[in-house]
Amino acid sequence: MRRKLLDPVILANISKLSLKVKSPAKGVLTGIHKSVYYGSSIEFSEHKEYNQGDEIKFIDWKIFAKSDKYYVKKFEDETNLKCYILLDRSASMKYSGPEFLLPRGAGQSVAEPEAESEAEKGKKESVSKFDYAARLAATLSYILLNQQDSVGLVTFNDHISKYIPPRSNMAHLHVILDELTTVKEEGNTDLPHVLNELAEKIKGRGLIIIISDLLDEDAEVLRNLKLFKTRKHDVILFHLLHSDEVNLPFDRLTFFHELESEGKELADPQLIREEYMLQIEEFVNKFKVNSRENEIDYYFLDTDDPMEKVIIRFLFRRKRF
Amino acid sequence: MFNLSFINPLFLFGALLVAAPIIIHLVNKKKAFSLKFPTIRFVVASNKRAAKRFKLRQLILLILRTLTVLFIVFLFARPLLSSKKNAMDYANLPRSSVVIIDNSFSMLYKTGGGDYFRSAVIAAKDIISGQKNIDNAALLTTSSITDEGPAQLTFKKDELLNSIRDVNISYTRSKPLKTIAAAVELLKSSQAQVKEIYFISDMQKFGWEAKSDFADGVKRAVKSKSINVYLIDIAGNKSVRNAGIMNLKALKQSKGKINVLNIFSRIKNFSKQAVDNLLVKCYIFDNEVVKGFVSLESYETAEKSLFAPIDESGIITGYVKIKGDSFAPDDKRYFSLKSYQTVRALVVDGEPTTQLYKSETFYLNLGLNPLKGASSKIESNIVTYDEYKKEDLNNYDVVFLCNVKGMAPQKVLELRNFVRAGGGLLFSLGDNVAPMDYNETFGDLLPQKLRDVFVVKPAGNKRPFEYIEVKDYSHPVIEPFEGAKGGDLGIAKFYKYFVLQPTPESKSDIILEYSNGNPCLV
């Protein structure tokens with residue numbers, strides 16, 4: 001089944017917005033982002049003393065008249081951006097809401113409808129974390145390509161599953177969307193390994209957008225995120241969890257099964273809910289604080305958050321840079 | 001030490017239902033749903049912290065369910081919990097007891113092993129003997145309250161046992177409720193934790209039917225819940241045969257030239273069983289002179305007249321005896337008859353007038369000597385008070401004081417001696433009588449102290465007078481008025497009369513009453 005990735009309403013609403021990077025980009029094409037190369041644009045950057053080899057046409061004659069010294073004007077160049085969208089496709093991203101299994105001893109099939117509470121029934125149509133992430137990735141790709149930036153896609157679980165190098169033409173969007181609609185959520189997560197591998201692979205500065213539930217070794221993940229920062233990348237981290245994972249809204253005694261392994265745990269959600277939510281808050285805060293310290297742009301998302309609002313909020317926040 | 005017993009022990013099988021909550025507990029555990037969940041590591045971490053609370057909650061739930069089942073089962077089985085220890089503790093507590101023996105006349109009813117009184121004495125001894133050294137007790141009898149004053153609680157068991165031996169049947173009226181009230185007063189002063197009253201009686205005073213009323217009376221007398229009252233019915237439900245001579249009169253009559261003694265007796269059967277041909281014998285000077293038979297239904301009263309010829313003049317003594325039964329004292333009754341030629345009456349007129357019919361004594365004299373001839377048995381002498389002072393009372397058998405204003409102390413003394421010697425005295429009151437002065441002057445010669453003069457006032461539809469209402473004709477004075485030929489005392493109208501000072505206990509009998517219940521003749 002192909003996923004519905006782009007919502008025309010959202011695209012219409014964000015058509016006048018653009019995604020900006022914090023640090024100057026290194027691109028060869030002309031775009032909306034400041035380039036690290038000084039160029040021929042009209043935007044003045046600074047003065048520098050004239051040296052041999054500098055173009056004479058950039059000498060600021062007004063300063064020469066005042067100071068009798070030669071200074072050349074430096075202009076900022078505008079270039080396009082290379083963006084890499086890293087999308088987590090591990091099995092944990094498959095979670096779309098409660099799919100209760102029959103009580104123990106009655107097989108592992110999906111339970112009868114009456115086994116679900118009213119709260120649980122209401123959430124039957126909620127999207128999976130991966131669906132939400134894919135839609136987010138597709139929308140961001142569209143925005144970036146629309147502003148002449150290059151966009152690449154990396155899907156991963158415990159390794160890089162697919163690497164689509166960045167391209168800036170609009171036709172590239174189809175390649176990305178094809179991948180997003182066909183990819184399946186499976187396997188364990190090993191984000192640190194993937195980050196490490198990708199850091200080696202990406203040459204030059206760029207925008208790294210990571211969309212994941214970050215259910216991995218926290219410390220390893222945080223350490224390897226720093227790798228991108230040390231290489232002058234602009235890093236945006238979308239931390240995506242399902243609303244059930246945030247609120248634990250179940251009310252009956254449950255055997256919780258691991259999605260990426262065989263682990264299970266018997267627990268009374270009502271009894272542990274308070275403690276569980278504290279744990280989640282602590283988990284989220286750890287990434288939030290660490291991201292702030294390392295100048296990583298961190299966004300916590302819940303699958304119940306409307307996509308349109310998330311995108312608009314994100315773009316406005318980026319506009320401030 | 002507890003003894004647990006059940007009224008419906010079969011319901012205890014329901015305790016097997018206690019397995020139900022355990023099964024529910026296990027089934028619930030098995031019925032836990034399974035859910036694939038990504039953030040299980042936080043569930044595990046939370047569960048570790050909450051595990052203790054979780055297990056405790058499950059355990060509490062199991063215990064509550066189990067206890068609920070057990071409680072319901074026990075409720076249906078109706079458990080009875082008795083504490084031997086408590087019982088022993090109670091028995092060891094210091095106690096104060098008052099033992100009351102009914103020493104009324106009815107206790108002389110004979111039973112197989114003696115009489116009721118003997119049984120009551122034995123029961124009282126048993127109670128006192130059972131007392132511990134820390135217990136104190138007192139002994140009361142139903143007739144001892146006014147005569148001897150209340151006894152005191154004592155720890156001396158031997159003294160009490162001796163006192164029981166000294167208790168005798170009393171011929172005075174018994175006052176059971178008053179005695180119980182006195183016992184309560186005694187116990188109020190006691191510091192003992194257990195207070196008890198043992199009332200040992202044949203319950204005859206109140207009648208078997210009225211036993212519940214008596215119990216209510218006891219409750220009212222005791223009031224305090226801390227005092228236990230034990231009514232020990234010595235008679236139980238034994239059926240006792242008893243007939244008694246209720247009344248006896250001996251009249252000398254002349255039949256031609258022969259003088260005969262008419263001995264008239266009223267005999268009552270107190271038993272549930274009928275009595276056939278009860279033998280009635282009359283003895284004069286200890287010689288059997290005449291006998292007869294009477295048959296009585298249950299609780300029936302019958303009259304029997306026996307006639308015996310007499311020769312002697314002067315005093316004749318004798319007795320009537322019926323066949324012995326369970327209660328001997330009422331089987332025999334004595335009589336004494338002075339064989340007067342005439343009765344000599346001294347009538348003192350307190351307000352003599354020249355018009356005879358207005359005199360206080362005119363109608364009295366007419367009543368005493370209606371025939372005005374030698375055939376009359378009463379010889380009356382009407383005098384004024386001044387004349388009375390000169391009279392020698394030894395010459396008279398009876399004195400009538402009619403509306404006499406007062407009397408000198410010396411003459412009162414003489415009058416008292418006259419009465420003590422067997423003379424008759426009748427006060428007839430009138431407007432010369434001042435109640436307080438009278439009380440002071442005559443003292444205990446009066447059957448009851450005077451209080452005031454009461455004037456009958458008409459109110460609403462109420463008549464302006466009272467009349468005499470005769471309820472009981474058994475008294476010899478009233479007896480002649482009984483029956484269709486006896487006349488009607490009720491036709492006399494009383495617009496003003498003397499009321500008497502009421503007292504809780506009175507030795508006097510009311511012979512006649514006004515229609516409003518006030519005494520007329522005492």
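In chain A, 75% of the contacts between residues at least 6 apart in sequence join residues that are at least 24 apart. The model is a predicted one, and in it chain A is made up, as far as regular elements go, of ten helices and twelve strands. Of the 321 residues of chain A, 50% count as buried.

**A contact between distant parts of chain A**

A:Ile10 offers an example of residues that are distant in sequence and meet in space. This residue is placed in helix α1 of chain A, which covers residues 8-13. Between A:Ile10 and A:Lys309 there are 299 places in sequence, while their C-alpha atoms are 8.9 Å apart in space. Once neighbours within four places in sequence are set aside, the residues in contact with A:Ile10 are A:Thr139, A:Met307 and A:Glu308. A:Ile10 counts as buried because its relative accessibility is 6%, and the cut-off for that class is under 20%.

A:Asn224 may be described in the same terms. It belongs to helix α7 of chain A, residues 218-230, and, when residues up to four places away in sequence are not counted, it touches A:Pro192, A:His193, A:Leu195 and A:Asn196. Is A:Asn224 buried or exposed? With a relative accessible area of 10%, A:Asn224 is buried.

**The interface of chain B and chain A**

The contact between the chains draws on 41 residues of chain A and 25 residues of chain B. About 3,300 Å² of area is buried between chain B and chain A, and carbon and sulfur atoms give 67% of this area. On the side of chain B, the residues that lose the most area to chain A are B:Phe33, B:Ser34 and B:Leu35, which together make up 24% of what that side buries. Nine residue pairs are in polar contact between chain B and chain A, counting pairs with both residues at pLDDT 80 or more, whereas the rule finds zero salt bridges across this interface.

Which elements of chain B give two or more residues to the side that touches chain A? They are α1 (19-30), β2 (33-36) and α2 (40-77) of chain B, and α2(B) gives the most, with 13 residues. By type, the residues on this side of chain B divide into twelve nonpolar, five polar and eight charged.

The two chains also meet through strand pairing, in which strand β10 of chain A (residues 254-257) and β2(B) run in the parallel sense over four bridges. Within this pairing, A:Phe255 has B:Ser34 of β2(B) as its bridge partner, and B:Ser34 is also one of the residues in chain B that lose the most area to chain A.

**Positive phi outside glycine**

Two residues, one in each chain, have a positive phi although neither is a glycine. The table sets out their values and places.

| Residue | Phi | Loop | Relative accessibility |
|---|---|---|---|
| A:Glu295 | about 55° | between α9 (269-293) and β12 (297-302) of chain A | 52% |
| B:Phe285 | near 50° | between β12 (275-284) and β13 (287-296) of chain B | 39% |

How do these values translate into classes of exposure? A:Glu295 is exposed because its relative accessible area is 52%, and the cut-off for the exposed class is over 50%. B:Phe285, at 39% relative accessibility, counts as partly exposed.

Terms used: Residues numbered from 1 in each chain as written. Chains lettered and ligands numbered in written order. Predicted model: local features only at pLDDT ≥ 70, side-chain atom pairs only at ≥ 80, totals over all residues. Heavy atoms only, no water. Buried < 20%, exposed > 50% of the residue type's maximum accessible area, 1.4 Å probe, protein only. Contact = heavy atoms within 4.5 Å. Buried area = accessible area lost by both parts, 1.4 Å probe. Salt bridge = Lys/Arg side-chain N within 4 Å of Asp/Glu carboxyl O. Polar contact = N/O pair within 3.5 Å; in protein donor to acceptor, adjacent residues only side chain to side chain. Nonpolar A, V, L, I, M, F, W, Y, C, P; charged D, E, K, R; others polar. Pairing = 2+ DSSP bridges.
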